[in-house]
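These are my notebook entries on one structure. I set down what I looked up, topic by topic.

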Amino acid sequence: MYDFTYQKPGSLADAVKVLSGDMEAKALAGGQTFIPVLKQRLNKPSTVVDLSKLGLSGITVAGDKIVIGAMTRHADVASNADIQAKIPGLAHMASMIGDEAVRHRGTMGGSLANNDPAACYPSAILALGGTIKTDRRSIAADDFFQGMFTTALEQGEIITSIELPIPQPPSSCRSRRSRLTRSSATRPRATRSSACSSPSMLPACVWRSPAPARVGYSGILRWKRRCRRTSPPRRSTAS
Ligand SMILES: Cc1cc2nc3c(=O)[nH]c(=O)nc-3n(C[C@H](O)[C@H](O)[C@H](O)COP(=O)(O)OP(=O)(O)OC[C@H]3O[C@@H](n4cnc5c(N)ncnc54)[C@H](O)[C@@H]3O)c2cc1C
């Protein structure tokens, strides 16, 4: 590990000031990716800015949305009663991330900012049509993830929360949902994601099952494109 200065600001404004004023400064959330990177000397930040005192954790239901603070740990997503009730697939997925230690340190904001193609949250947030809120703007998930380990975040920009619309399963989904449930026990894992066969189905299926999250977000993008190509043209409602 190279030498660096460590700071733990008490306000978002102070954290943004440090990170924006120094190109070499880096944010620290749960440290599950960042600390091993530092240990292996793959990154040499001038300052490490700990985000743990900014009050960015917590889960609230606001109307038809669930808002998850960027510093919310995977274990808290997994055990939260509102997420278990309204997006159970997400809670289940969070409960399967890494091991106990990773789930009790790793954060949703850290996972999204890192955008590892092997990570679970990017694909789930993309599939759920989430919005990433930062200290300066709101970014739709479709625009946020730009490639492997690449996001729309600018220098010094901090994710503050993630807003997820609560999925409303369409009535046509019910039979497929039961098929999904039934198939879970009998079919090999890889074929389960095929139950989500139209764009409108995907949020509902994530709602019901973590299976689509396992296909990875690049898989979901490919699948969305395929659905767009094969979907019949929308009927005009104008008389
Ligand atoms: C052994 C192991 C197993 C794992 N298994 C899985 C798994 O099965 N599934 C899975 O999805 N993930 C897995 N992970 C990843 C883990 O879940 C973390 O989500 C991930 O490491 C990043 O989260 P973090 O909070 O630790 O972020 P950190 O490591 O602290 O930060 C990661 C990056 O994001 C930036 N950052 C952090 N927070 C913010 C913010 N709020 N705003 C802007 N930038 C920010 C940091 O500057 C850094 O560049 C695993 C990790 C380990 C070590």
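**Entry 1: strand pairing.** I began with the bridge partners in S3, working in a predicted model. I found that Tyr-6 has Val-48 as its bridge partner in S3. Tyr-6 falls within strand S1, residues 5-7, which pairs with S3, residues 47-50, in the parallel sense over three bridges. I then looked up Lys-26, and its bridge partner in S3 is Val-48. Strand S2, residues 26-28, also runs parallel to S3 in its pairing, and I noted three bridges there.

**Entry 2: a crossover.** I followed the chain from S2 to S3. Together with helix H2, residues 34-39, these two strands form a β-α-β unit, and I recorded its hand as right-handed.

**Entry 3: helix H1.** Which residues of H1 are buried? In this helix, residues 12-21, I listed Ala-15, Val-16 and Leu-19 as buried. Viewed down the axis of H1, the buried residues fall within an arc of 95 degrees, and therefore they line one face of the helix. I checked the other side of H1 and found Ala-13 and Gly-21 exposed there.

**Entry 4: the ligand shell.** How many residues surround the ligand? I recorded 28, and the closest are Gly-30, Gln-32, Gly-98, Gly-106 and Gly-110. Helix H7 gives the largest share of this shell, with five residues. S2 and H7, the latter spanning 108-114, each supply at least two shell residues. I sorted the shell by class and obtained 15 nonpolar, twelve polar and one charged residues. I also looked up the domains: domain 1 (5-50) and domain 2 (59-165) each provide at least three residues of the shell.

**Entry 5: positive phi values.** I kept a general rule in mind: most residues other than glycine have a negative phi. I then looked up Arg-41, a residue other than glycine, and its phi is positive, near 55 degrees. I located Arg-41 in the loop between H2 and S3. Is Arg-41 buried or exposed? I counted 9 other C-beta atoms within 10 Å of Arg-41, so I entered it as exposed, the cut-off being 12 or fewer.

Phe-149 is not a glycine either, and I noted a positive phi of about 55 degrees for it. Where does Phe-149 lie? I found Phe-149 in the loop between strand S8 (145-147) and strand S9 (150-151). Phe-149 has 12 other C-beta atoms within 10 Å and is therefore exposed.

How values were computed
Residues are numbered from 1 along each chain as its sequence is written. This is a predicted model: local features need pLDDT of at least 70, side-chain atom pairs count only at pLDDT 80 or more; totals for chains, interfaces and linings use all residues. Two strands pair if DSSP finds at least two bridges between them. Helices (H or I, at least four residues) and strands (E, at least two) are DSSP runs, numbered from the N terminus. A crossover is right-handed if, with the strands pointing away from the viewer, the path from the first strand over the helix to the second runs clockwise. A residue is near a molecule or strand if its C-beta atom, placed from the backbone, lies within 6 Å of it. Ala, Val, Leu, Ile, Met, Phe, Trp, Tyr, Cys and Pro count as nonpolar, Asp, Glu, Lys and Arg as charged, and the others, Gly among them, as polar. Domain bounds come from an automatic or database domain assignment. A residue is buried if 20 or more other C-beta atoms lie within 10 Å of its own, exposed if 12 or fewer, and partly exposed in between; C-beta atoms are placed from the backbone. The arc is that of the directions from the helix axis to the C-beta atoms.
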